[in-house]
Amino acid sequence: MAIAFMRMIRVPFQNFDYFRGILSDTTSSQPKTNNAMNFTSLTRFVLFCFLISFLPLAVFSQQDQSMEERYQRAENMLWWNLNDKVYNMSVTPQEINEHSFWYVLATRNGSKYFLVDIPERNKNHAFDHERLAGAIESELENAVDPSQLGLRNLIFSDDHTSIRFEKNGNHMACSLQTYECEVKDRVIHPEPFSVLSPDGKRAVYTRDYNFWLHDLEADEHTQLTTDGVEFHSYGTDNHGWRRSERPILMWSPDSKKIATFRLDERDVEKMTLWRAREGRPEADIWPYALPGDSIVPMLERVIIDVENGETIWLDTEPDHQRTSNCCGLLRDGDWADIEWSDDSSRLAFVSTSRDYKDVTLKIADAETGDVREIYHEHDEIFFESNLTSRGVPNWRVLHDSSEFIWFTRKDNWGHLYLHDLETGEKINRITEGDWNVIDILHIDEENRTINFTGVGREDGRDPYFVHYYKVNFDGSGLVLLTPEDANHSVDVSSDASWFVDTFSTFENPPVSVLRDSNGELLMELEQADIEELLETGWQNPIPITVKARDGETDLYGIMLLPTDFDESKSYPIINSIYPGPQSGSLGSRSFSVSQRGNAQALAELGFVVVAIDALGSSPMRSRDFHTYYHGNMMDNGLPDQIAGMKELAERHSFIDIDRAGIYGHSGGGYATAAALLQYPEFFKVGVSSAGNLDNRGYTYYWGEKYQGLLERENGGDNYENQAIHLLAENLQGKLLLSYGTMDTNVHPSMTLLLIDELIRHNKDFDLIVMPNRGHGYANEPYKIRRTWDYFVEHLLDKTPPAEYQLRR
């Protein structure tokens with residue numbers, strides 16, 4: 001009502017003569033008196049005061065309306081409003097045989113299945129989608145959408161004339177010549193949270209702390225172990241910071257044995273959270289080891305023969321709950337740092353010390369449990385077997401040739417070496433140079449070649465761009481197989497005779513091509529369709545390069561501008577940060593509709609948003625780069641972020657460096673709080689969410705790797721230099737904190753410690769508590785909107801629209 005009224009009076013406000021007329025009494029024929037204001041003049045004066053009182057509201061309403069329009073534009077740039085506006089983005093080949101594969105593609109017209117004949121370099125629809133939908137519909141007597149067929153576990157015959165798949169709980173088979181389909185039988189689903197055998201006939205799951213076997217053909221259940229008890233149970237997936245009911249194990253290739261462990265966490269101290277509900281809250285209590293704990297979870301390695309139920313305990317000391325690279329024991333659902341021989345007779349594994357400095361390759365006899373140590377390596381800081389977060393460790397045992405391939409950064413860069421399996425001695429170096437191997441993707445033992453991905457080898461390119469290579473065991477014949485100056489994602493056939501290469505950059509959408517084993521281009525498969533995305537006004541992020549704090553090291557990042565950017569205007573700058581150290585602020589260099597989550601949406605409100613990979617933030621560079629601030633996690637690469645932001649402001653007059661903000665979640669929340677408390681003269685506004693603000697209260701997985709083992713001396717310890725709450729008195733700017741009350745990853749206690757100290761120092765701050773939320777609340781609409789409001793009010797100095805509703 002008030003806005004409507006102000007619109008009605010807008011025209012009179014624009015003409016000041018209107019007010020002059022109200023106050024003027026020249027039109028009045030009434031005589032004036034000397035001792036009292038004429039009644040008509042008084043009335044006019046009161047009316048003027050009433051109308052003029054709305055003037056500031058009218059001005060503010062126009063401002064609010066402008067900000068509301070910006071919020072609407074920003075909402076349009078949220079990732080969930082953009083993801084469905086791109087098509088043909090990637091090809092994931094499903095191999096039929098060495099000469100063909102199929103893939104399903106998200107197109108403008110729904111999901112379409114394609115079949116590729118490699119020798120003929122030919123791509124066609126895999127079948128008639130309409131006819132197949134009709135055939136399935138006729139057999140099942142259920143409606144089937146030809147644009148969303150949803151064929152689970154699809155398998156083509158070698159001659160491509162028939163298919164098998166699962167649909168609506170049935171195993172089905174269809175002829176692609178007659179388009180006749182029939183139901184073969186019902187799908188027998190394994191027990192929930194079970195691990196399926198390679199032949200698909202068996203599954204192992206946990207019940208009452210013990211293993212059970214589910215025979216899917218007979219639909220029978222057999223207990224495999226009986227001595228598991230609470231906190232000393234088989235295959236338990238409790239990392240402290242994450243938990244799952246699915247057990248951790250590795251099936252042998254012949255589907256007859258499993259390698260696993262019994263996890264001893266009987267005396268590990270507990271963590272507690274409280275779930276809010278009506279009446280009494282509900283407690284969640286579980287073992288969670290912290291840095292410096294004297295008792296931590298230990299793995300007792302075991303092999304179980306699922307055919308006879310025999311348990312073979314490996315003759316080795318219990319291992320720490322560690323993997324030779326970050327983070328946790330699992331990689332894509334599989335237990336990492338463990339490898340069966342092809343004949344299922346031997347089991348290779350790597351043991352990693354609690355401080356991540358010592359790794360040992362061992363081989364166990366699967367029949368006797370005897371264990372032999374093969375090779376040991378020590379790193380004074382910490383060892384890494386793969387440079388990507390949750391990458392598969394880059395060691396492989398070659399039983400037939402009695403050799404093994406080993407990855408190490410002992411010369412400052414991550415490279416491959418060939419060793420003798422009997423003696424452990426190095427035979428020769430395989431790769432070398434100031435660049436890194438990333439992932440071993442294929443090993444051809446007969447031809448003695450290795451196919452792998454790497455970064456930083458190609459001069460003049462972004463050192464984070466991933467490329468695909470092939471090299472001989474003796475280090476000769478290194479070949480680049482993906483020549484384009486872009487970030488490459490490859491899917492390699494089982495024999496590496498062909499691969500699908502999808503490449504893109506921040507600025508160029510994906511192109512998917514088929515290449516042979518030597519990298520020769522066979523055919524183009526797909527080009528991404530981003531026409532609808534561009535119609536929204538979406539724009540590319542701008543790649544940037546700046547210098548680190550040392551004035552010499554190149555740092556890489558992106559800058560995002562509002563879509564109505566005006567170079568003549570002045571914009572506050574906001575840093576979107578994730579410090580790692582297991583990754584950086586940017587992550588993949590591939591094309592994405594939403595770099596750094598929702599950074600473009602934030603830029604739409606009138607900000608310049610930047611993300612920079614600082615020193616210490618990414619393993620993709622050298623070991624020295626990656627470990628730059630080891631033992632001082634409070635650093636967070638912030639001096640580099642400041643140096644980079646200042647350099648950008650010197651280049652671009654539209655950046656107002658005196659209005660600098662920062663935000664982040666988890667490790668980014670830690671870095672944000674550290675920024676405002678260490679550099680209050682630079683960072684004016686920060687939004688810190690779910691931060692591990694004192695790693696003495698975070699998982700020992702993390703702190704004991706990147707800060708070091710906790711050492712107590714003279715009433716203190718070596719973790720004090722990373723504890724945010726000890727700097728609470730430094731707060732000068734505006735700080736918004738948040739946490740989820742059920743965050744099992746980063747416990748709320750760390751944020752509460754900072755809050756307590758801020759109160760003790762009489763500091764103003766803001767807080768959002770997210771009841772019953774875990775760690776992943778950063779993308780909730782309410783949290784995003786409150787982040788926007790905070791920067792608009794305190795960095796842009798404008799009034800955000802009241803309770804703007806983001807819809808998802």
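This passage describes the overall build of a predicted model and then turns to its charged residues.

The protein has 808 residues, and 55% of them count as buried. Its secondary structure comprises 15 helices and 50 strands. Taken along the principal axes, the C-alpha atoms fill a box of roughly 120 × 80 × 60 Å. Among the contacts with a separation of 6 or more, 59% are made by residues 24 or more positions apart. The accessible surface amounts to about 35500 Å², and carbon and sulfur atoms contribute 45% of it.

Charge is a good place to look next. The protein carries 75 positive and 129 negative charges, and the mean positions of these two sets lie 7 Å apart. On the surface, a patch of negative charge is formed by Asp199, Glu217, Asp254, Asp342, Asp343, Asp400 and Glu445. One of these residues, Asp342, sits in the loop between β25 (338–340) and β26 (346–352). With a relative accessible area of 70%, Asp342 is exposed, because the cut-off for that class is over 50%.

Side chains of opposite charge can pair when their charged atoms come close. The structure holds 42 salt bridges, and three of them are described here.

In one, the side chains of Arg70 and Asp564 meet with an N to O distance of 2.9 Å. Arg70 belongs to helix α5 (residues 55–76), whereas Asp564 lies in the loop between β42 (554–560) and β43 (571–576), so this salt bridge ties together parts that are 494 residues apart in sequence. The two partners also fall into separate accessibility classes: Arg70 is buried, at 14% relative accessibility, while Asp564 is partly exposed, at 34%.

In another, Glu367 pairs with Lys257, and the closest N and O atoms are 3.5 Å apart. Here the link runs between the loop from β27 (358–365) to β28 (371–378), which holds Glu367, and strand β17 (residues 257–264), which holds Lys257; the two residues are 110 residues apart. Glu367 is exposed, with a relative accessible area of 52%. Lys257, by contrast, is buried, at 8% relative accessibility.

The third joins Glu384 to Lys705, with 3.1 Å from N to O. Glu384 is found in the loop between β28 and β29 (396–398) and Lys705 in helix α13 (residues 700–706), so that distant parts of the chain, 321 residues apart, are linked. Both Glu384 and Lys705 are buried.

The salt bridge of Arg70 with Asp564 does not stand alone: through shared partners, Arg70, Arg73, Asp564 and Glu604 are joined into one network of salt bridges. Like Arg70, Arg73 is placed in helix α5. Arg73 is partly exposed, its relative accessibility being 28%. Leaving aside residues up to four places away in sequence, Arg73 touches Thr563, Asp564 and Glu604. Asp564 and Glu604 are also members of the network. The C-alpha atoms of Arg73 and Leu605 are 8.1 Å apart in space, although these residues are separated by 532 residues in sequence.

How values were computed: Residues numbered from 1 in each chain as written. Heavy atoms only, no water. Helix = DSSP H or I, 4+ residues; strand = E, 2+ residues; numbered from the N terminus. Buried < 20%, exposed > 50% of the residue type's maximum accessible area, 1.4 Å probe, protein only. Contact = heavy atoms within 4.5 Å. Areas by Shrake-Rupley, 256 points an atom, 1.4 Å probe, with all protein chains shown as cover. Lys, Arg positive; Asp, Glu negative; His and termini not counted. Charge placed at Lys NZ, Arg CZ, Asp CG, Glu CD. Patch = residues over 30% accessible without salt bridge, like charges linked within 9 Å, V, L, I, M, F, W, Y side chains within 5 Å. Salt bridge = Lys/Arg side-chain N within 4 Å of Asp/Glu carboxyl O.
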